[in-house]
Amino acid sequence: MSVLKNLKQLVQNVLGSSQGKIYLSSADVSDTDVKYVLSFAGEYRVNPFVIVNNYRHVAGNCYNYSGSNPKNLIAALDKAIAKSGHHLLCCSA
């Protein structure tokens, strides 16, 4: 509960300052999120401003290599690099 009290105090301190601004950034922000943060505003009146990003990237190919031997992954990556273009390699343990 002290975390929420601290968050409320932080929101009110920011809104009470002359240049205070709060930005919410999320790939899936909703009205509920905005209303929740606004509930901490107390006496401060806020007019939310929403920017919607409708950009849709044309997706490329995604390959999943499993197993403990990276031989196929390295071979495919070598071929892809030789053809140029952009490549993203994500690894996890």
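Colleague: Hi! How much of the 93-residue chain counts as buried?
Modeller: Of its 93 residues, 3% count as buried. Please keep in mind that this is a predicted model.

Colleague: Noted. What helices and strands does the chain have?
Modeller: There are three helices and zero strands. Reading from the N terminus, the elements run α-α-α.

Colleague: And is the chain spread out or a compact globule?
Modeller: The chain is more spread out than a compact globule, because its radius of gyration is 23 Å, well over the 12 Å that the globule rule gives for 93 residues.

Colleague: What box do the C-alpha atoms fill?
Modeller: Taken along the principal axes, the box is roughly 60 × 30 × 25 Å.

Colleague: What share of the contacts comes from residues 24 or more positions apart?
Modeller: If you take the contacts in the chain with a separation of 6 or more, residues 24 or more positions apart account for 43% of them.

Colleague: OK, surface next. How much area does the chain expose, and what do carbon and sulfur supply?
Modeller: The chain exposes about 9,100 Å². Carbon and sulfur atoms supply 54% of that area.

Colleague: How many positive and negative side chains are there?
Modeller: You'll find 9 positive and 5 negative side chains. The centres of the two sets lie 4 Å apart.

Colleague: Let's zoom in on helix H1. Where does it run, and what does Val14 touch?
Modeller: Helix H1 covers residues 2-16, and Val14 sits in it. Leaving out residues up to four places away in sequence, Val14 touches Gly20, Lys21 and Ile22.

Colleague: Why does Val14 count as partly exposed?
Modeller: Because its relative accessibility is 23%, and partly exposed covers the range between the 20% and 50% cut-offs.

Colleague: How far is Val14 from Ala41?
Modeller: Their C-alpha atoms are separated by 9.4 Å, with the two positions 27 residues apart along the chain.

Colleague: What about Leu15, what does that one touch?
Modeller: Leu15 is also found in helix H1. Again not counting residues up to four places away in sequence, Leu15 touches Ile22, Ala41, Tyr44 and Val46. For Leu15 and Arg45, which are 30 residues apart along the chain, the C-alpha separation is 8.8 Å.

Colleague: Switching to cysteines, since I'd be handling those at the bench. How many disulfides does a search of the whole structure find?
Modeller: The search finds zero disulfides. Cys62 is in no disulfide, and the nearest cysteine sulfur, that of Cys90, is 8.2 Å away.

Colleague: Are Cys62 and Cys90 buried or exposed?
Modeller: Cys62 counts as exposed because its relative accessibility is 75%. Cys90 is exposed as well, with a relative accessible area of 64%.

Colleague: And where is Leu88 placed?
Modeller: Leu88 is in the segment after H3. With a relative accessible area of 75%, Leu88 is exposed. From C-alpha to C-alpha, Leu88 and Cys62 are 9.4 Å apart in space, and 26 residues apart in sequence.

Colleague: Last one, Leu73. Which helix is it in, and what does it touch?
Modeller: Leu73 lies in helix H3, which spans residues 71-82. Setting aside residues up to four places away in sequence, Leu73 touches Tyr65 and Leu89.

Colleague: Why does Leu73 count as partly exposed?
Modeller: Leu73 counts as partly exposed because its relative accessibility is 21%, whereas buried means under 20%.

Colleague: How far is Leu73 from Ser17?
Modeller: The C-alpha atoms of Leu73 and Ser17 are separated by 53 Å, and the two residues are 56 apart along the chain.

Key: Residues numbered from 1 in each chain as written. Predicted model: local features only at pLDDT ≥ 70, side-chain atom pairs only at ≥ 80, totals over all residues. Heavy atoms only, no water. Helix = DSSP H or I, 4+ residues; strand = E, 2+ residues; numbered from the N terminus. Buried < 20%, exposed > 50% of the residue type's maximum accessible area, 1.4 Å probe, protein only. Contact = heavy atoms within 4.5 Å. Disulfide = S-S within 2.5 Å. Rg over C-alpha atoms; globule rule 2.2 N^0.38 Å. Areas by Shrake-Rupley, 256 points an atom, 1.4 Å probe, with all protein chains shown as cover. Lys, Arg positive; Asp, Glu negative; His and termini not counted. Charge placed at Lys NZ, Arg CZ, Asp CG, Glu CD.
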